[in-house]
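Okay, thanks for having me, everybody. I've got one model to walk through, so let me put it on the screen.

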Amino acid sequence: MLFGDFIVGQRARQVNAAAAGVNHTCAIKLDGSLWCWGRNSNSQLGDNTTVDRSTPVQVGADLTWVQVVAGNASTCARKADGSLWCWGANSFGQLGLGDFGQRKFPAQVAGSDWTDVRLGYAHACGVRADKTLW
């Protein structure tokens with residue numbers, strides 16, 4: 001089945017990475033672009049709106065995304081340069097940005113040596129190149 005430019009099902013290998021949150025989904029295409037769709041009440045799609053999307057919308061214009069994770073109402077993604085970016089709900093500080101403000105588009109988390117990130121319901125954890133857990 002075709003879903004926009006995404007191949008779903010048998011040819012899913014056309015996508016480098018995908019993540020399913022509670023009510024939204026994101027995927028990184030082979031060209032390194034990041035796309036999200038679904039519920040957007042907390043700006044978890046990263047498109048600077050709170051409009052729900054039934055088709056994928058591109059998150060920014062960067063083509064260097066290598067990892068994406070989706071949580072309850074927030075999203076984080078890592079770029080090839082090791083930078084970490086998060087957006088969406090942040091009422092518990094789960095985006096790691098030092099405050100509790102919702103983000104409508106990707107905001108960079110401090111540091112540039114992230115190697116992995118995971119999201120829970122209202123928290124996030126990341127690993128840096130020196131193998132420390134944050």
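Let's start with strand β7, residues 65-70, which is mostly covered: 5 of its 6 residues are buried. Just so we're clear, this is a predicted model.

So what does β7 pair with? Strand β8, residues 74-79, in the antiparallel sense, over 5 bridges. The two form a hairpin, with 3 residues between them. If you want a spot to click on, take A70, which stands opposite T75 in β8.

Now for the rings. How many aromatic pairs does the structure hold? Just 1. The rings are those of W65 and W87, with centres 6.3 Å apart and planes at 65 degrees, so we call the pair edge-to-face. The cut-off you need there is that planes over 60 degrees apart count as edge-to-face. This pair links distant parts of the chain, because W65 is in strand β7 and W87 is in strand β9, residues 84-88, with those positions 22 residues apart in numbering terms. Buried or exposed? Both W65 and W87 are buried.

Stay around there for the lysine. K79 has its charged end over the ring of W65, 5.0 Å from the centre. K79 also lies over the face of W85, and there the distance to the ring centre is 4.4 Å.

Next, the loops. G120 is in the loop between β11 (114-119) and β12 (124-128). Why do we call G120 buried? Because its relative accessible area is 17%, and buried means under 20%. What does G120 touch, leaving aside its neighbours within four places in sequence? G71 and N72. For a distance to N48, go C-alpha to C-alpha: G120 and N48 are separated by 22 Å, and they're 72 residues apart along the chain.

Last stop, another sheet. Here 4 strands form an open sheet, in the order β3-β4-β5-β6, with antiparallel pairing. Which strands stand at the edges? β3 (15-20) and β6 (53-58): each has a single partner strand, so one side of each is left without a neighbour in the sheet. On average, neighbouring strands of this sheet are turned by 15 degrees against each other, if you ignore direction. Zooming in on β6, 3 bridges join it to strand β5, residues 34-38, and the two run antiparallel. One position to look at is C36, whose bridge partner in β6 is V57.

That's my tour, so over to you.

Key. Residues numbered from 1 in each chain as written. Predicted model: local features only at pLDDT ≥ 70, side-chain atom pairs only at ≥ 80, totals over all residues. Heavy atoms only, no water. Buried < 20%, exposed > 50% of the residue type's maximum accessible area, 1.4 Å probe, protein only. Contact = heavy atoms within 4.5 Å. Pairing = 2+ DSSP bridges. Axes fitted to C-alpha atoms, helices over the stretch in contact; angles between N-to-C directions. Phe/Tyr/Trp six-rings, centres within 6.5 Å; stacked < 30°, edge-to-face > 60°. Lys NZ or Arg CZ within 6 Å of the ring centre and 35° of its normal.
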